[in-house]
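Dear colleague,

I am passing on a structure that you have not worked with before, and below it you will find an account of what was found in it. Please read the text with the structure open beside you.

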Amino acid sequence: MPLAEFGRTLRPGGSLLLAYFDSESTVDRFDHAVAPAYRWPAPALRALLGDHGFDVVEQHRRTGREHRPHGAVVARLGEH
């Protein structure tokens, strides 16, 4: 799992910036131009980060007619 690897390699207090496709309610897979991609609901991603020892510092969402909803999270690794 990538979040476990990020947690393993970052020092306590280290920061992580994640950008993601935002979803209203469920994690779902969709075809993207380069590789399969996933939409994540912000609360589910926030909980998963917490499960891996990260504290969310900032969370942003961008929407618009011409864009898929995107999110960004800045999280900090807690003390082990």
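A good place to begin is the end of the chain, where strands β4 and β5 form a hairpin that has two residues between them. Please keep in mind throughout that this is a predicted model. The two strands of the hairpin, of which β4 covers residues 54–64, pair in the antiparallel sense over nine bridges, and within that pairing valine 56 has alanine 75 in β5 as its bridge partner. Strand β5, which covers residues 67–77, is also joined to strand β1 (residues 15–23) by seven bridges, and these two strands again run antiparallel; here tyrosine 20 stands opposite glycine 71 of β5.

To set these strands in the whole, the chain contains two helices and five strands, and when read along the sequence its elements follow the pattern α-β-β-β-α-β-β. The C-alpha trace spans about 40 × 25 × 20 Å along its principal axes, and of the 80 residues in the chain, 29% are buried. If one takes the contacts between residues at least 6 apart in sequence, 47% of them join residues at least 24 apart.

The largest nonpolar core is made up of 13 residues, and those with the most contacts inside it are Leu3, Leu16, Leu18, Leu45, Leu49, Phe54 and Val73. Two or more residues of this core come from each of β1, α2 (42–51), β4 and β5, with α2 giving the most, namely four residues. Valine 73 shows how these parts meet, since, when residues up to four places away in sequence are not counted, valine 73 touches Leu16, Leu17, Leu18, Tyr20, Leu45, Leu49, Val56, Glu58 and Gln59.

One of those neighbours, glutamate 58, lies in strand β4. Its relative accessible area is 38%, which falls between the limits of 20% for buried and 50% for exposed, so glutamate 58 is described as partly exposed. Apart from residues up to four places away in sequence, glutamate 58 touches Ala72, Val73 and Val74, and its side chain makes a polar contact, at 2.8 Å, with the side chain of histidine 60. The C-alpha atoms of glutamate 58 and valine 34, which are 24 residues apart along the chain, are separated by 28 Å.

There is also one aromatic pair to look at. The ring centres of phenylalanine 21 and phenylalanine 30 are 5.1 Å apart and their planes stand at 80°, which is over the 60 degrees required, and the pair is therefore edge-to-face. Both partners are buried, phenylalanine 21 at 16% relative accessibility and phenylalanine 30 with a relative accessible area of 9%. Arginine 39 lies over the face of phenylalanine 30, at 4.0 Å from the ring centre.

Arginine 39 appears again in the surroundings of serine 23, a residue of strand β1, which, leaving aside its neighbours within four places in sequence, is in contact with Asp28, Arg39, Trp40, Pro41 and Ala42. Is serine 23 buried or exposed? At 11% relative accessibility, serine 23 counts as buried, and its side chain reaches the backbone nitrogen of serine 25 at 3.4 Å.

With kind regards

Definitions and conventions
Residues are numbered from 1 along each chain as its sequence is written. This is a predicted model: local features need pLDDT of at least 70, side-chain atom pairs count only at pLDDT 80 or more; totals for chains, interfaces and linings use all residues. Side-chain values use heavy atoms; hydrogens and water are left out. Rings of Phe, Tyr and Trp (its six-membered ring) pair if their centres lie within 6.5 Å; planes under 30 degrees apart count as stacked, over 60 as edge-to-face and the rest as tilted. Buried means under 20% relative accessible area, exposed over 50%, partly exposed in between (1.4 Å probe, protein chains only). A charge sits over a ring if NZ of Lys or CZ of Arg is within 6 Å of the ring centre and within 35 degrees of the ring normal. Two strands pair if DSSP finds at least two bridges between them. A nonpolar core is a set of buried Ala, Val, Leu, Ile, Met, Phe, Trp, Tyr and Cys residues joined through side-chain atoms within 4.5 Å. Contact means heavy atoms within 4.5 Å. A polar contact is a pair of N or O atoms within 3.5 Å; within protein, one must be able to donate a hydrogen and the other to accept it, and residues adjacent in sequence count only if both atoms are side-chain atoms.
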